[in-house]
Amino acid sequence: MKRFLMSNSPPDSFKDVIGFPFSYSEREFKESYGINSKQLALLLAELQAWMQQKSTSTQIISVLGI
C-alpha cells in the first residue's frame, strides 16, 4: 500500500488498494488525494518503523486500530 501511495498513481486507482468503511470517508480522501496519500504513506512508514523496533523486544505485536 505504501509503495502504491508513493507512486503518484491517479486518484481513481486507489479503490483497488485502500478500503473505506464509509462512503463519505472515501469521498473526503479523494477530494484531497495528493496530501492524503502522502500523509497515509508517512503513517505507514512510521508504523512499519515502530513495528520493526518493537520486534526486537517482543514476540507479539497487536494493532487494535489506527
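This tour proceeds through a predicted model, from the nonpolar core to the aromatic pairs, the salt bridges and a surface patch.

**The nonpolar core**

Begin by selecting F4, L5, F14, I18, F29, Y33, L40 and A41, the eight residues that constitute the largest nonpolar core. Colour helix α1 (2-6) and helix α3 (33-54) next, since each of these helices supplies at least two residues of this core. Helix α3 gives the most, with three residues.

Keep the core displayed and centre the view on I18. Which residues does I18 touch, when those up to four places away in sequence are not counted? The contacts of I18 are M1, L5, F29 and L40. Of these partners, L5, F29 and L40 belong to the largest nonpolar core along with I18 itself.

**The aromatic pairs**

Turn now to the rings. A search of the whole structure finds six aromatic pairs. Select F14 and F20: this pair is edge-to-face, with 5.6 Å centre to centre and 85 degrees between the planes. F14 is buried, at a relative accessible area of 0%, whereas F20 is partly exposed, at 24%. The reason for the two labels is the cut-off: buried means under 20% relative accessible area.

A second pair to display is F22 and Y24. Is this pair stacked or edge-to-face? The rings of F22 and Y24 are stacked, 5.4 Å centre to centre and with 20 degrees between the planes. Both residues carry the label partly exposed: F22 has a relative accessible area of 45%, and Y24 has a relative accessibility of 42%.

Extend the selection to F14, F20, F29 and Y33, which ring pairs link into a cluster. Among the members of this cluster, F14, F29 and Y33 are also listed in the largest nonpolar core.

**The salt bridges**

Hide the rings and display the charged side chains. How many salt bridges does the model contain? The count comes to two.

For one of them, select K30 and D12, whose side chains meet at 2.4 Å, N to O. K30 lies in helix α2 (residues 23-31) and D12 in the loop between α1 and α2, so this salt bridge ties together parts that are 18 residues apart in sequence. K30 counts as partly exposed, at 37% relative accessibility, while D12 counts as exposed, at 52%.

For the other, select E26 and K15, where the closest N and O atoms are 3.4 Å apart. Here E26 lies in helix α2 and K15 in the loop between α1 and α2, so the pair ties together parts that are 11 residues apart in sequence. E26 is partly exposed, at 23% relative accessibility, and K15 is also partly exposed, at 49%.

**The surface patch**

Finally, switch to a surface representation and select W50, M51 and V63. These residues make a nonpolar surface patch of about 250 Å². W50 can be located in helix α3, the helix that gives the most residues to the largest nonpolar core. W50 counts as partly exposed, with 36% relative accessibility.

Technical notes: Residues numbered from 1 in each chain as written. Predicted model: local features only at pLDDT ≥ 70, side-chain atom pairs only at ≥ 80, totals over all residues. Heavy atoms only, no water. Phe/Tyr/Trp six-rings, centres within 6.5 Å; stacked < 30°, edge-to-face > 60°. Buried < 20%, exposed > 50% of the residue type's maximum accessible area, 1.4 Å probe, protein only. Core = buried A, V, L, I, M, F, W, Y, C linked by side-chain atoms within 4.5 Å. Helix = DSSP H or I, 4+ residues; strand = E, 2+ residues; numbered from the N terminus. Contact = heavy atoms within 4.5 Å. Salt bridge = Lys/Arg side-chain N within 4 Å of Asp/Glu carboxyl O. Patch = residues over 30% accessible without salt bridge, like charges linked within 9 Å, V, L, I, M, F, W, Y side chains within 5 Å. Areas by Shrake-Rupley, 256 points an atom, 1.4 Å probe, with all protein chains shown as cover.
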